[in-house]
Amino acid sequence: MYYDLNLPVAAHEVTGASQSKKKGKQSQQYVFLLTPAQVASIEARVDLLVHLGYNVIAFNQTVNRKIDPKTHADILNTLLSQLKSRSGVLFLKRLTIVLDEGSESGFGLSSANTALLDPYDIIALVPTTTATFSSACLTHSLPSPLTAHIISLQLTSPRLPFHLKQTLVRTAIKNGAVFEINYVGALGESATSSSALGVSDTGLSAKRNWWASAREVVRVTKGKGIIVSGGALAVEDYRGPRDVQNLMCLLGLAQNFAHDASAVTPKSLLMRAQTRKTYRAVLSEPNLVFPPTPHTPDLTLKSTEFSIRQAPQAPSNDRAATADLPSNIEPNNCESKKRIREGSISGNITPNPSGSAEGLPSHSTSNSSRRPQKKGKLVA
């Protein structure tokens with residue numbers, strides 16, 4: 001699954017006058033309209049992205065300086081209602097705020113404008129000064145209802161207006177923010193598209209600036225926390241995911257990081273972006289699920305006794321000695337067995353009519369007992 005989180009949408013702005021309640025005062029009202037030609041152009045770009053293999057597309061609305069509740073209008077809701085639905089494709093809404101010197105004091109990311117920013121799935125910042133870059137990395141990347149998860153840089157400008165400090169970059173990545181690289185700058189985009197992205201330089205110099213700035217971003221971030229987006233207004237400037245990965249490898253990015261920049265990191269970004277609408281960036285209450293224990297045999301006393309009774313008995317060494325005895329003679333002690341064994345070897349033991357072997361004590365129930373005789377002699 002591949003992501004393109006920057007499809008620019010530029011609407012036609014119309015200024016109108018509205019009657020105020022107070023007499024003699026009129027307030028200006030800004031209305032953003034999308035012409036049928038603009039909608040058709042957006043449809044063509046979406047069809048091309050789907051054909052190239054992108055599954056998640058984010059429509060980008062750009063705001064300069066700051067968000068003003070009086071003049072701000074959400075044009076993406078109107079656009080999404082006019083686009084045809086496509087199976088297997090997810091449409092998202094993104095708001096990008098370009099921060100300049102006039103927006104250093106405040107650019108609308110306050111608790112008073114939370115309801116105004118809730119409809120957007122992603123919030124991105126484009127810092128142009130050192131103060132705004134520091135504020136975007138340290139303050140606005142922290143978990144809150146107004147968290148900005150994307151920090152986009154003007155890579156086609158003559159030079160970056162600020163130094164990319166590693167401490168600021170590491171803090172932003174640790175907080176969950178990512179740095180965006182738009183590959184349209186490497187293709188020599190037209191002046192109209194570049195101005196929509198807040199870029200003043202175009203042509204061959206813009207390509208040279210893009211390559212130098214993009215390499216600097218890759219060097220500072222060490223390939224981590226980077227996403228790649230299109231950012232093009234013309235259909236011919238879009239590229240497939242594999243071509244974009246090859247382009248990122250030319251910047252010094254490893255192949256696994258180049259793949260993550262267009263497939264893995266954007267997915268993690270969208271998961272973090274959902275935490276804007278939760279309390280303290282917690283998605284849900286975790287439920288602990290313990291795996292089932294494997295079946296173990298019941299080692300009770302009865303089962304142990306049963307297994308002991310059923311255990312086979314080892315063969316006894318006395319079977320060879322008792323095999324030569326008659327059926328009516330049964331040894332009753334170890335001494336008798338020894339005498340029977342010795343007598344069977346010498347052949348001097350003969351059975352008695354009384355049921356006992358000669359040369360052995362009688363197994364009668366009488367109290368009298370015979371005195372033991374020497375070996376090999378018969379008793380009269």
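**Entry 1: Arg219 and its partner**

I started with Arg219 and found it partly exposed, with a relative accessible area of 46%. I am working from a predicted model here, so every value I note is computed from that model. Which residue does the side chain of Arg219 meet in a salt bridge? I found Glu216 there, at 2.6 Å from N to O. Glu216 also counts as partly exposed, at 24% relative accessibility. I then checked where the two sit: both lie in helix 7 (residues 204-221), three residues apart, which is about one turn of the helix. A reminder to myself on that spacing: an α-helix has 3.6 residues a turn, so residues three or four places apart point the same way.

**Entry 2: the other salt bridges**

I counted five salt bridges by the rule used here. I looked up Glu43 next, and its side chain meets that of Arg86 at 2.5 Å, N to O. I placed Glu43 in helix 1 (residues 36-52) and Arg86 in the loop between helix 2 (76-82) and strand 5 (90-99), so this pair ties together parts that are 43 residues apart in sequence. Are these two buried or exposed? I noted Glu43 as buried, with a relative accessible area of 14%. Arg86 counts as buried too, at 14% relative accessibility. I also saw that Asp47 joins in: Glu43, Asp47 and Arg86 are linked in a network of salt bridges.

My next pair was Glu180 and Arg94, whose side chains form a salt bridge at 2.8 Å, N to O. This pair links distant parts of the chain, with Glu180 in strand 8 (residues 178-182) and Arg94 in strand 5, 86 residues apart. I found both Glu180 and Arg94 buried.

**Entry 3: aromatic rings**

I turned to the rings, and a search of the whole structure gave three aromatic pairs. I looked at Phe133 and Phe162: their ring centres are 4.4 Å apart and their planes stand at 15 degrees, so I wrote the pair down as stacked. Which parts of the chain does this pair tie together? Phe133 lies in helix 4 (residues 130-138), while Phe162 lies in the loop between strand 7 (150-152) and helix 5 (166-175), so the pair ties together parts that are 29 residues apart in sequence. Both Phe133 and Phe162 are buried.

I then took Trp210 and Trp211. Their ring centres are 5.2 Å apart and their planes are at 90 degrees, so this pair is edge-to-face. I checked accessibility for each of them: Trp210 counts as buried at 1%, whereas Trp211 counts as partly exposed at 26%.

One more ring caught my eye. Lys93 lies over the face of Tyr120, 5.9 Å from the ring centre.

**Entry 4: the nonpolar cores**

I looked up the largest nonpolar core, and it has 63 residues. Which residues have the most contacts inside it? I listed Leu7, Val9, Phe59, Phe133 and Met248. Helix 7 gives the most to this core, with five residues.

I followed Phe59 further. Leaving aside neighbours within four places in sequence, I found Phe59 in contact with residues including Leu7, Val9, Ile42, Val46, Leu76, Phe91, Lys93 and Arg94. Apart from the largest core lies another one, of 12 residues, among them Leu5, Val56, Leu92 and Leu269.

**Entry 5: helix 8**

I went through helix 8 (residues 241-250) and wrote down its buried residues: Pro241, Val244, Gln245, Leu247 and Met248. They cover an arc of only 160 degrees around the axis, which puts them on the same side of helix 8. Which exposed residues does the face turned away from that buried side carry? I found Arg242 and Leu250 there. Just after helix 8, I noted that Gly252 takes a positive phi of about 95 degrees.

**Entry 6: Thr265**

My last lookup was Thr265, which I placed in helix 10 (residues 265-273). Thr265 is buried, with a relative accessible area of 17%. The cut-off for buried is under 20%, so that value qualifies. What is Thr265 in contact with, leaving aside neighbours within four places in sequence? I wrote down Val178, Ile226, Ile227 and Asp260.

Notes: Residues numbered from 1 in each chain as written. Predicted model: local features only at pLDDT ≥ 70, side-chain atom pairs only at ≥ 80, totals over all residues. Heavy atoms only, no water. Phe/Tyr/Trp six-rings, centres within 6.5 Å; stacked < 30°, edge-to-face > 60°. Helix = DSSP H or I, 4+ residues; strand = E, 2+ residues; numbered from the N terminus. Buried < 20%, exposed > 50% of the residue type's maximum accessible area, 1.4 Å probe, protein only. Lys NZ or Arg CZ within 6 Å of the ring centre and 35° of its normal. Arc of directions from axis to C-beta. Salt bridge = Lys/Arg side-chain N within 4 Å of Asp/Glu carboxyl O. Core = buried A, V, L, I, M, F, W, Y, C linked by side-chain atoms within 4.5 Å. Contact = heavy atoms within 4.5 Å.
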